[in-house]
Amino acid sequence: QVQLVESGGGSVQAGGSLRLSCAASGDSVTNICMGWLRHTPGQEREGVAAIDTDGSTSYADSVKGRFTISQDNAKNTLYLQMNSLKPEDTAMYYCAAVRRYYSVDYYLGRPWLFNYWGQGTQVTVSS
C-alpha cells in the first residue's frame, strides 16, 4: 500500500503560479511511477505529468514548458510547479502512483492504470 497526501492547491489569476506537493508513504515507494493527474467534471481524467524513480519525466502537450514535475527522494515527496497558469488548467489535481513496469510515457497516457491516489487538491485559475 502507498499513501499519498496532496497540498498546495488554491485560486490564482491567469498567468500566476502554484506549486503542488504530494507526500508519499507506505510499504515501498521505490520502483514506482508517480504522476499528477487532473479531472474536471464531465471530462476524462487527464495525465498531466509523470516521473519515475530514475528521474525520467513525461508531460501532457497542454502543459509542456509551463509545468515541471520533480521529486525529493529523501523526503518521499513529489512536486508539480505550475507556471503561466491558464483558466483551462482549472481542475481537481490528484497525485497518483503505480508500480513501474513500463515507461512514464506509457503511464501518462493511461491514467486509469494508476492504482494509488491521493484525495485531490483543487486548482482554480480565473481569467
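In this predicted model, Cys 95 has a relative accessibility of 0% and therefore counts as buried, since the cut-off for that term is under 20%. Cys 22 is likewise buried, with a relative accessible area of 0%. These two residues form a disulfide, with their sulfur atoms 2.1 Å apart, and the structure holds one disulfide. Because Cys 22 belongs to strand β3 and Cys 95 to strand β9, the pair ties together parts of the chain that lie 73 residues apart in sequence. The torsion about the S-S bond of Cys 22 and Cys 95 is about -75 degrees, which means that the disulfide is left-handed.

A further cysteine, Cys 33, takes part in no disulfide, and the nearest cysteine sulfur to it, that of Cys 95, is 11 Å away. A disulfide requires two cysteine sulfur atoms within 2.5 Å, so that separation rules out a bond between Cys 33 and Cys 95. Cys 33 is nevertheless buried, its relative accessible area being 0%.

Strand β3, which carries Cys 22, also has a place in an open sheet of four strands, where the order is β1-β3-β8-β7 and the pairing is antiparallel. Within this sheet β1 and β7 stand at the edges, and because each has a single partner strand, one side of each is left without a neighbour in the sheet. From one strand to the next the twist averages 20 degrees. The antiparallel pairing of β3 with β8 extends over six bridges, and Ala 23 stands opposite Thr 77 in β8.

The strands can also be followed through the nonpolar interior. In soluble globular proteins, nonpolar side chains tend to be buried together. Here the largest nonpolar core has 29 residues, of which Leu 4, Met 34, Trp 36, Leu 80, Met 82 and Tyr 93 touch the most other members. Two or more residues of this core come from each of β1 (2-7), β3 (18-26), β4 (32-39), β5 (46-52), β7 (67-72), β8 (77-82), β9 (91-99) and β11 (121-126). Apart from this core there is a second, separate one of nine residues, among them Ala 96, Val 104, Leu 108 and Phe 114.

Key. Residues are numbered from 1 along each chain as its sequence is written. This is a predicted model: local features need pLDDT of at least 70, side-chain atom pairs count only at pLDDT 80 or more; totals for chains, interfaces and linings use all residues. Side-chain values use heavy atoms; hydrogens and water are left out. A nonpolar core is a set of buried Ala, Val, Leu, Ile, Met, Phe, Trp, Tyr and Cys residues joined through side-chain atoms within 4.5 Å. Buried means under 20% relative accessible area, exposed over 50%, partly exposed in between (1.4 Å probe, protein chains only). Two strands pair if DSSP finds at least two bridges between them. Axes are lines fitted to C-alpha atoms, for helices over the stretch in contact, and angles run from 0 to 180 degrees between N-to-C directions.
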